[in-house]
Amino acid sequence: MKAMTLLPLCFTSSCLSVLLLALSLCTICVGDQSSDPILCIPTERLALIDLKNNLTDETNRLSSWVGKHCCSWSGVVCDNVTGHVHEIHLRGLDLNIFNGPYDTYDEDEEASKQMLGGTISPSVIKLLQLRYLDLSLNDFGYSLIPAFIGSFQNLIYLNLSYSHFGGEIPHRLGNISTLRVLDLQHSIHSGHLHSKSLTWLNNLKGLEHMNLGGINLANASDWFPVVSNITSLLELRFSACGLDQSPSNPTTVRFTSLIVLDLSRNYFDSMLPAWIFSLHNLVLLDLTGCYFSGVLPGTPGGFYSLPSLRTLCVSDNSFVNSPSFQLSSLSNLRRLEVRGCKLSSPILQNLSLIEHVDLSYNEIVEEIPKSLSNLCNITTLYLGGNNFFGNVSELLERFCECESLKLEALDFSGNYLIGQLPQRIGKLKNLIKIDLGNNNLTGTIPDSLGSLSMLQILDINTNKLSGSLPDTIGGLSSTIGGLSWLEYLDLSYNKLRGSLPECIGGLSKLYHLSLLHNSLTGILTENHFANLTALKYLRVGENKLAFKLSVNNWIPPFKLKELRADSCSLGPQFPSWIQSQKDLTRINIANANISDTIPDWFWTSFPSVVNLNISNNIIQGKLGDVISFAPLAVLDLSNNVLHGTLPGNFSTMHFLDLSNNNLSGSLEQFLCFGIQEPQPLQFLLLANNNMSGVISDCWMNYKSLIILNLEKNQFSGIIPPSLGNISLLLLDLDDNRLSGNLPLWLLNSTSLVAIKLARNELMRKIPPSIGGNNTSMRVLSLRSNHFEGKIPEEICHLRSLQILDLSHNDLSGNLPICFTNFSVMSGRSEASNLIELYYTMFAVPLVTKGYTYTYSTILYQVTSLDLSSNRFSGSIPDELVELLGLRFLNLSDNELTGTIPNSFSHTGKLEALDLSMNHLNGNIPLSMSQLTALNWLNLSYNKLVGGIPTGPQFQTFGELSFTGNALCGYPLPACFQNNGDTKGSANDKAYGRDWILVILTLVGFVVGFWSIMASLFLSRQWRIAYYRFLEEIWFKLQDFIFLLFLRLTKRSRPI
């Protein structure tokens, strides 16, 4: 499609186009304008013929270049008096050169065909009177710009833009002293055209319009002194030239006549140059993406000195947050673009003539539309990605009240707007784009939207819209000249319900249709797609729509690039109409009720597919050979009933998920057969199949592999050594029949983050030479194997470990005290979500709280230590219960003795503790009742005695937590007096009387008593004083008793 009319003026060359037209009209003389055709000069005709012969012309654009009357040839303009060729117009198809997001594949293809190629014949220099040469928008294969072009003596206009030239710009172009317009702009992505110096411009004294956008001028340090001396310049465009230096305050600036200055997309990363404010005639200033950080102090004038400015583009600069960025004086401003500048306050006050506003992706917090002083002049309003709040109805109602309706584009996406779309929105007849996605809008879609016949883009995704799609949506297919206008429709992630109206099939220009994640129901037939000839993206997944086609061999009118119909019903047969969609790059028909075999044509029909998801169906049969998939493709066929062996050529994928099927055979053919070159496979997921045999030792060609999941198969033998030569992140070999020793390289890997080897037949001791400072291990699961001996102290070198599961083995000895080395378990560091994305494909089952729970998406937050069902003996180290970051601890079913440590901390995160089926004795420590996070406890079947501590957490535990002991108190029967204190004992060294305390008390009494008696016995003076003191006390006591007796007898006498 053509570029939308809303393209920012900052990125067009409108001034050049106007001048081009003016020059053309001044000299135009097409051969058929008079009754007698003008005969061109024979030598010039031959030069044109030679030019044609050296060009490639796929679409015969030069088919008229025959015969003698060359002035009548297409693209040739002659002087109507002399017959000399004055102009050559060979511009390619003027498609949107900025690659807008909604150009169709067919239009891109057509533009490519229209391009001329080949070489430019030197014969053109024989066109001595040539004044105008336009070869733009063609493809010359990045060949050099011919230096002989600099030989033209009368050339005024030269345009070679976007014609795929490369190399150094010939300095001979500077010989064209008559040149007024020079346009060499190229795509910023090509980078093939460059110039190391611009001194060749010094001779172009009359140059008025220059565009070198996209040309690499990184080494042209002389750009400013050269250009600033061209006093005739009116327009200067140096966008995306790799410039990084500009003088902040040069002594002389001579190009003060400039009306257009475009320095966008150059990374200056400096203060805003003061010389810009000396260009008082500027009408357009584009500094987008220059990363100017501020304005130099004392800079005279500022933006106040640019009173003629009509277009200002300063996106991606931080200087706009400085106090000097004041726009109130720019009374003529019509267009303002300030995207991505972290702007926090609105800047639209007093801009009464503003027409185009783009303040997207800032940090503005404001209720709309407080700072919009005159909405009725605005044609485009882009305020997405901010923090605007308020009711969208009020804003739209204000637009509807304007006498002259000018609004063409409205973008408030990614804000916090509420409210409903008003019925009066249909009055905004000029609307081309509406984007209100990612807000909190409610209500239904108004019927009046159907009257917006000019609408091209409608995006209201991720809101809370309800109701059904109105039938008037078909009104958007109103045509002008037989063309429909709506091209982009996105209503995904709402609460829409009901069926999809058939009239949507009349939107013949619709390019993108997205209705994902709603509650739409009903049947889709051929009528829903009847005229959708332009459709490229069909995204109707996560609904309950059913495709019911009356024609078995239906061929759709469109050619899709992406199909998302997951959770819709396309079955039970495999949808054959997909075969006609040869351009598909992404296919998602997961959970689509397909119970069929994959047809043979499927594996050869999509040469460009990069993402294929057919998971969660009932697809049967064997896998075919992948012949035509694009390199590095993603293939997900998990959760089906596929059987047979794994083909060898699947290893060229980037991501392969065949888990939860019924595949059999070995990995030999897949891994090893005919593979000599490195393979790109990064994710291999084959869990829960019926594959068997040894795991082939052919991993040396899979250096890119980061996730390998082979759990729940029947693989046997040893873990292949070649796995140690690749940088795996996650390795899952649970539930197989692997045997032999635990390879030392596994525990010393610097890349592995998670290892799962549970429920295999691995044996012998855990190797002691474990880990180092460079290990990143966070998950190690070795449960249900045949490991024996002690846990080596070196296991604590795995400092990043968050989950350690050694349960159900034959390990023995004392528990290590070095577990405090685990930084996350000990609480010294927080769990990192560095590989949270990968954990979504990797699940770890943990036995916690008496059940097996599987953790995946929040696995990085889990800390667990499970040493249960072994033969560990001795006491529980204090260090083990002091791990403040540990959430789950399981030491059950061992031979542990002694008392439970009294080192539990109320600041710990412990949620589940299982010490059952050991030989622990003594009281339950009082500190255990302070575990505020504890919600599951099992102390059953030990030799614990005494009262169960009271506390908020202990009131939630049932009898099963304490059964099999000699305990009392809630929830068990109450304690008798000789059963101990139900508050628990603070002393856990012994049970019953504390004889040490008794002895110390008696010794203290004896020492104190005899100290006093010895003093009285040895000192006569102390004895006399002591007896006098006692005598005084006795007399005072007698007086007190006598007075008390008198008072009581008085009260008892009758009145």
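Is Phe558 buried or exposed in this structure? Phe558 is buried, because its relative accessible area is 1%, where buried stands for under 20% relative accessible area, exposed for over 50% and partly exposed for what lies in between, computed with a 1.4 Å probe and on protein chains only. The model is a predicted one, in which local features need pLDDT of at least 70 and side-chain atom pairs count only at pLDDT 80 or more, while totals for chains, interfaces and linings use all residues. Residues are numbered from 1 along each chain as its sequence is written, and side-chain values use heavy atoms, with hydrogens and water left out.

We can begin with the aromatic rings. The structure holds 30 aromatic pairs, a pair being two rings of Phe, Tyr or Trp (for Trp, its six-membered ring) whose centres lie within 6.5 Å, and the pair is called stacked if the planes are under 30 degrees apart, edge-to-face if they are over 60 and tilted for the rest. One of these pairs is formed by Tyr511 and Tyr537, which meet edge-to-face with 5.7 Å from centre to centre and 65° between the planes. This pair links distant parts of the chain, 26 residues apart, since Tyr511 lies in the loop between β27 (497-498) and β28 (512-514), whereas Tyr537 belongs to strand β30 (residues 537-539). Helices (H or I, at least four residues) and strands (E, at least two) are DSSP runs that are numbered from the N terminus. Tyr511 counts as buried because its relative accessibility is 6%, while Tyr537, with a relative accessible area of 22%, is partly exposed.

The residue of the opening question takes part in another such pair, for the ring centres of Trp554 and Phe558 are 6.3 Å apart and their planes stand at 85°, so this pair too is edge-to-face. Its partner Trp554 has a relative accessible area of 12% and is therefore buried. Elsewhere, ring pairs join Trp223, Phe224, Phe238, Phe255 and Trp275 into a cluster.

From the rings we can turn to the cysteines. A search of the whole structure finds five disulfides, a disulfide being a pair of cysteine sulfur atoms within 2.5 Å. Among them is the one that joins Cys40 to Cys70, with 1.8 Å from S to S. That pair links distant parts of the chain, 30 residues apart, with Cys40 in the loop between α1 (14-27) and α2 (42-54) and Cys70 in the loop between β1 (55-56) and β2 (76-78). Cys40 counts as buried because its relative accessibility is 7%, and Cys70 counts as buried at 0%.

Another disulfide joins Cys71 to Cys78, with an S to S distance of 2.1 Å, and its -95° about the S-S bond makes the link left-handed. Cys71 is buried, with a relative accessible area of 0%, and Cys78 likewise counts as buried at 0% relative accessibility.

Further along the chain, a disulfide joins Cys672 to Cys698 with 2.0 Å from S to S, and this link is right-handed, with 105° about the S-S bond. It connects distant parts of the chain, 26 residues apart, as Cys672 sits in helix α6 (residues 668-672) and Cys698 in the loop between β40 (692-694) and β41 (707-709). Both Cys672 and Cys698 are buried.
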